[in-house]
Amino acid sequence: MKRLRGRTWFVLLFTLLLLAGTLVLVWQYFTQGREWASFSANSHLFTKGRIATGAITDRNGVLLYDGPSGDYAEDKTTRTATLHAVGDQYGNIATGAKLLFKQYMAAYNPVTGTGSEGNTVALTIDAELNAAALRALDGRNGTVAVYNYNTGEILCMVSAPTFDPYDSQQVLEAVNAGDTRYNGVYLNHFFSAAFTPGSTFKLVTTAAALDKLNSAADFSFTCTGSLELEGGTITCPSVHGAQDLSDALANSCNCAFAQLAVELGGETLLRYTKDAGLLDSVEMNGIFSAKGSFTPSSNPSELGWSGVGQYTNLVNPCSELVFLGCIAGEGSAKTPTLLKSVTTSLGLPGAFLSTGDSSIAYKPSTCRMLKQMMRRNVTDHYGQEQFGTLPVCAKSGTAEVGPDVSPHAWFVGFVDDPAHPYAFVVLVENGGWGSSVAGSVAAEVLTQLCRED
Ligand SMILES: [Zn+2]
C-alpha cells in the first residue's frame, strides 16, 4: 500500500511537470512563434538568405521592396534615398526594414502558421520626401531626418554615402577593394554613428545656464573675439561685443559659451548632457542607436571647448532628434518608429503596433525658454523667409573635425506648431558653414513636407 502511494505521488508529480512544460511551450509558441517562423533558414520564406515573401511600402503605399520578386522601387532616386530604411540585397544594412521587420513580412499567425502570401509592411517614411532630402544633400555625405514628435513617425531618414540597391554587388566589391567613396556606406549615419555636435551642443550649455540664472537677461558677456583660459585660447570667427544669453546663442559666441562652461563646471554639463538623453541609446523598433559622449575635463580650455560642442563631445543624430522633439514637447515626445502598419493579403491588420514615450529631465519652463531663444535664432539670424510661414525654432552648428578638412555643417530644430509637429536634424559631413549649408537643406525638406500637408 505504501509503495502504491509512493508511485501515485510520482505519477502526479510527473504529470504536473509535463503540464507545466506544455504551458511554457504554448506560451512561447504564441509569444515567440513569429520570430521562430522568420528564422532565416526557413526555406518557405527565404531564398539564399533574402526574404522572399511580403512587401515594404512607404507611408503612401509606394512600393519600396517586393519579397517574391526581389524588386525595389521603380525610381532610382527613391531606391537610393530609402536604402538605409529598406536594406540592400545582402543584408549588410542592419537598420533596414528587410531585417528589422522580416517577422511582419512573413504572414505568420499562431493558428495557420506562415501563409504563402506575405504581409505588406508600410513604413512611416515618405519616399518622395526622402528623395527630396537626398537631392538636397547633392552628393555630399551626411544625414537628414524628420519625425513627428507627437506620433513618433519618422517621415524622412536619409543617410549618405548611399547607393542603388541594384548595385549591391558592385558596391560590395568596391568596399572590399577599399574604395574610399564608400567609407561607412553600410552604416546608417542617422542611427548608428556619432559626430562632433559643434554649436548645436550650445542648447545643452544654455539649458544648464538658464536653470542657474533663471533668465537669459541675467547673463552678460562682452566678446572680444577671443578668450584666454588656462590651457589655451577660445576663439570666435568675429567680435560679438556685449551680449545677454539669448544674443550669445543667436550669435553662437564661442567665448561666451566657454566662459559659461567654466562657470557651470564639467560635472554640471555632464549631467545636463545625460539629462538631455544625448549619452544614451534610443530604442527604435527593437534596435539601439549609437551613444554620444561627453568628457568633463579639469582643464579649463578643454572644458570651455566642450561647452561649445567641440573637444571630445559626440552626439548621435537620432538621440539629437528625440532631444529636439522633447524640447518642442516641453519635456517629452514620442519615441521614433519606422513601422506604420502591417496588412495581410486579405487587407486585415497583421499586427498591433504602438510606440513608447521619450522624455528628458529638463524642466518645462527651461524647455519653453530654449524654444523662445531657438525661435529668435531663426527670425533674427538664419532668416524666416526660407521657411515660409512655418514657426521654425533652430540651432546651427559648424563642427571642426580636423585641421585639413571642412567642418561638419549642422542644422537642428523643430516646427513649433500643432499642425506641423516636426523635429529635424540635418548633418552635412565636411559641408562647411552650418546655417547656410545645412540650413538650406532643412528649408528644402520642411517646405516640401508642409506643402504636402
Ligand atoms: Zn563671440
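# Exercises on a predicted model

V378 is found in helix 14. The model in which this residue is examined is a predicted one.

## Exercise 1: The surroundings of V378

Determine whether V378 is buried or exposed, and state which residues V378 touches beyond its neighbours up to four places away in sequence.

Solution.

Step 1. The relative accessible area of V378 is 0%. A residue counts as buried when this value is under 20%, so V378 is buried.

Step 2. Leaving aside residues up to four places away in sequence, V378 touches G383, Q384, F387, V392, C393 and A394.

Step 3. P391 lies 13 residues from V378 along the chain, and the C-alpha atoms of the two are separated by 8.8 Å.

Step 4. Among the residues touched by V378 are V392, C393 and A394; strand 20 comprises residues 392–399 and is taken up in Exercise 3.

## Exercise 2: Helix 14 and helix 8

Describe how helix 8 and helix 14 cross, and identify which residues make the contact.

Solution.

Step 1. Helix 8 covers residues 202–213 and helix 14 covers residues 364–382; their axes come within 10 Å and cross at roughly 125°.

Step 2. Because of this crossing angle, helix 8 is oblique to helix 14.

Step 3. The crossing in which helix 8 passes helix 14 is right-handed.

Step 4. On the side of helix 8, the contact is made by L203, T206, A207, L210 and D211, and on the side of helix 14 by T366, M369, L370, M373 and M374.

Step 5. Sorted by class, the residues of this contact are seven nonpolar, two polar and one charged.

## Exercise 3: Strands 20, 21 and 22

Establish how strand 20 pairs with strand 21, how strand 21 pairs with strand 22, and how many residues of strand 20 are buried.

Solution.

Step 1. Strand 20 is mostly covered, with eight of its eight residues buried. V392, A394, S396 and T398 point one way from the strand, while C393, K395, G397 and A399 point the other way.

Step 2. Strand 21, residues 408–415, runs antiparallel to strand 20, and eight bridges join the two. Within this pairing, T398 stands opposite A409, and C393 stands opposite F414.

Step 3. Strand 21 is likewise mostly covered: eight of its eight residues are buried. One way from strand 21 point H408, W410, V412 and F414; the other way point A409, F411, G413 and V415.

Step 4. Strand 21 also pairs with strand 22, residues 422–428, in the antiparallel sense over six bridges. A409 has V428 as its bridge partner in strand 22.

Step 5. Six residues lie between strand 21 and strand 22, and the two strands form a hairpin.

## Exercise 4: An open sheet of five strands

State the order of the strands in this sheet, and explain why strand 5 and strand 18 each have one side without a neighbour.

Solution.

Step 1. The order is 5-4-3-8-18, and the pairing is mixed.

Step 2. Strand 5 (71–72) and strand 18 (339–343) stand at the edges; each has a single partner strand, and therefore one side of each has no neighbour in the sheet.

Step 3. Strand 3, residues 55–57, and strand 4, residues 63–66, run antiparallel and are joined by three bridges. In this pair, T57 stands opposite L63 of strand 4.

Conventions. Residues numbered from 1 in each chain as written. Predicted model: local features only at pLDDT ≥ 70, side-chain atom pairs only at ≥ 80, totals over all residues. Heavy atoms only, no water. Axes fitted to C-alpha atoms, helices over the stretch in contact; angles between N-to-C directions. Helix = DSSP H or I, 4+ residues; strand = E, 2+ residues; numbered from the N terminus. Parallel < 35°, antiparallel > 145°, perpendicular 65-115°, else oblique. Left-handed = near helix turned anticlockwise from the far one by under 90°. Contact = heavy atoms within 4.5 Å. Nonpolar A, V, L, I, M, F, W, Y, C, P; charged D, E, K, R; others polar. Pairing = 2+ DSSP bridges. Buried < 20%, exposed > 50% of the residue type's maximum accessible area, 1.4 Å probe, protein only.
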